[in-house]
Amino acid sequence: MADPHPLELAARLAREAAAAIMAARRAGVTVARKQDRTPVTEADHRAEALIVAGLRAATPDIPVIAEEEIAAGRAERPGVRFWLVDPLDGTRDFAAGRDEFAVCIGLVEDGRPVLGAVALPATGELFLGQVGRGAWKQDAAGRRPIAARRPRPEGLTVFASRHHADDPRLARYLADLPVARVLHAGSALKFCRIAEGAADLYPRFGRTMEWDTAAPQAVVEAAGGSVRTADGAPLRYGKPGFANPDFICRGAP
């Protein structure tokens, strides 16, 4: 039976990929290196195969841009609408035995992410968002709406990348802000905590790719937050090479 809506399609495939990743983890993780020397595991490949097959079967008219296919030199051309897939965001943390990894499935229209599903396999959480309709968190307690929060009087809770914690650009950016605490984590988890109102700010300096950010950006923006480049422009998609500039993810204004 076809999924009733693209968001529910993404949600189903994210859950299925999360289950496949956890099964692969239980079987033992072997790490290989891609041509760019970044790590990849069997879990990445299994999850991506599941997701792209499901998307292409259900939405054959919408191109699918997926991380491991790109790495292997197989790339569809993005159209006005296209899917962006990171089957295992946070492979380094997954391989290291940490729980900070995610499945990201986002839909882009006219250069903007319009919906996304982000699964956190290790915690069983699923975050969903459709811009203009709202955002939700699903876990063992069921599915419920979430919303980004306004900054608290006691100061900002900031998330930063675990692997870029010593970047001097981050220290300079935060120097004049009322920061209460800085937390370090990997993967799209950081966006999700902002979307659900558990944190306020995630500045990212350094290289990311569009498949890393499309789905979680949609969730954050559907929850009332924003993701913009360092100069304040919307973070857009379908760029040549799919690389992102620096960006700032914020909760509610």
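1. Tryptophan 211 is buried in this predicted model, because its relative accessible area is 6% and the limit for a buried residue is under 20%. Its partner in an aromatic pair is phenylalanine 242. At 10% relative accessibility, phenylalanine 242 also falls under that limit and therefore counts as buried.

2. How are the rings of tryptophan 211 and phenylalanine 242 placed in their pair? The pair is tilted, with 6.0 Å from centre to centre and 45 degrees between the planes. The pair joins distant parts of the chain, 31 residues apart. Tryptophan 211 belongs to helix 7 (residues 210–222), whereas phenylalanine 242 lies in the loop between strand 14 (226–229) and strand 15 (243–244).

3. The structure contains 6 aromatic pairs. In one of them, tyrosine 202 and phenylalanine 247, the planes stand at 90 degrees and the ring centres are 5.7 Å apart, so the pair is edge-to-face. Two strands are brought together here: tyrosine 202 is in strand 12 (residues 201–204) and phenylalanine 247 is in strand 16 (residues 247–250), with these positions 45 residues apart in the numbering.

4. Are tyrosine 202 and phenylalanine 247 buried or exposed? Tyrosine 202 has a relative accessibility of 2% and therefore counts as buried. Phenylalanine 247 is likewise buried, with a relative accessible area of 1%. These two residues also belong to one aromatic cluster, which they form with Phe191.

5. A charged group meets an aromatic ring at another site. The charged end of lysine 239 sits over the ring of tyrosine 237, at 5.1 Å from the centre of that ring.

6. The largest pocket should be examined next. The space within this pocket is about 860 Å³. Its lining is made up of 36 residues, and those nearest the centre are Thr38, Glu67, Arg92, Met209 and Asp212.

7. Which elements supply at least two residues each to the lining of the largest pocket? They are helix 3 (67–71), strand 4 (81–89), helix 4 (91–95), helix 6 (189–195), strand 12, strand 13 (208–209) and helix 7. Helix 3 gives the most, with 4 residues. Two elements in this list have appeared above: strand 12 holds tyrosine 202, and helix 7 holds tryptophan 211.

8. The chemical character of the lining of the largest pocket is mixed: 14 of its residues are charged, 11 are polar and 11 are nonpolar. Among the residues nearest the centre of this pocket, Glu67, Arg92 and Asp212 are of the charged kind, while Met209 is nonpolar and Thr38 is polar.

Methods: Residues are numbered from 1 along each chain as its sequence is written. This is a predicted model: local features need pLDDT of at least 70, side-chain atom pairs count only at pLDDT 80 or more; totals for chains, interfaces and linings use all residues. Side-chain values use heavy atoms; hydrogens and water are left out. Rings of Phe, Tyr and Trp (its six-membered ring) pair if their centres lie within 6.5 Å; planes under 30 degrees apart count as stacked, over 60 as edge-to-face and the rest as tilted. Buried means under 20% relative accessible area, exposed over 50%, partly exposed in between (1.4 Å probe, protein chains only). A charge sits over a ring if NZ of Lys or CZ of Arg is within 6 Å of the ring centre and within 35 degrees of the ring normal. On a 1 Å grid over the protein atoms alone, a cavity is a set of points where a 1.4 Å probe fits but cannot get out, and a pocket is an open set with protein on both sides within 12 Å along at least five of seven lines; lining residues have an atom within 4 Å of a point. Grid points are joined across faces, edges and corners, and a volume is the space filled by probe spheres set on the points.
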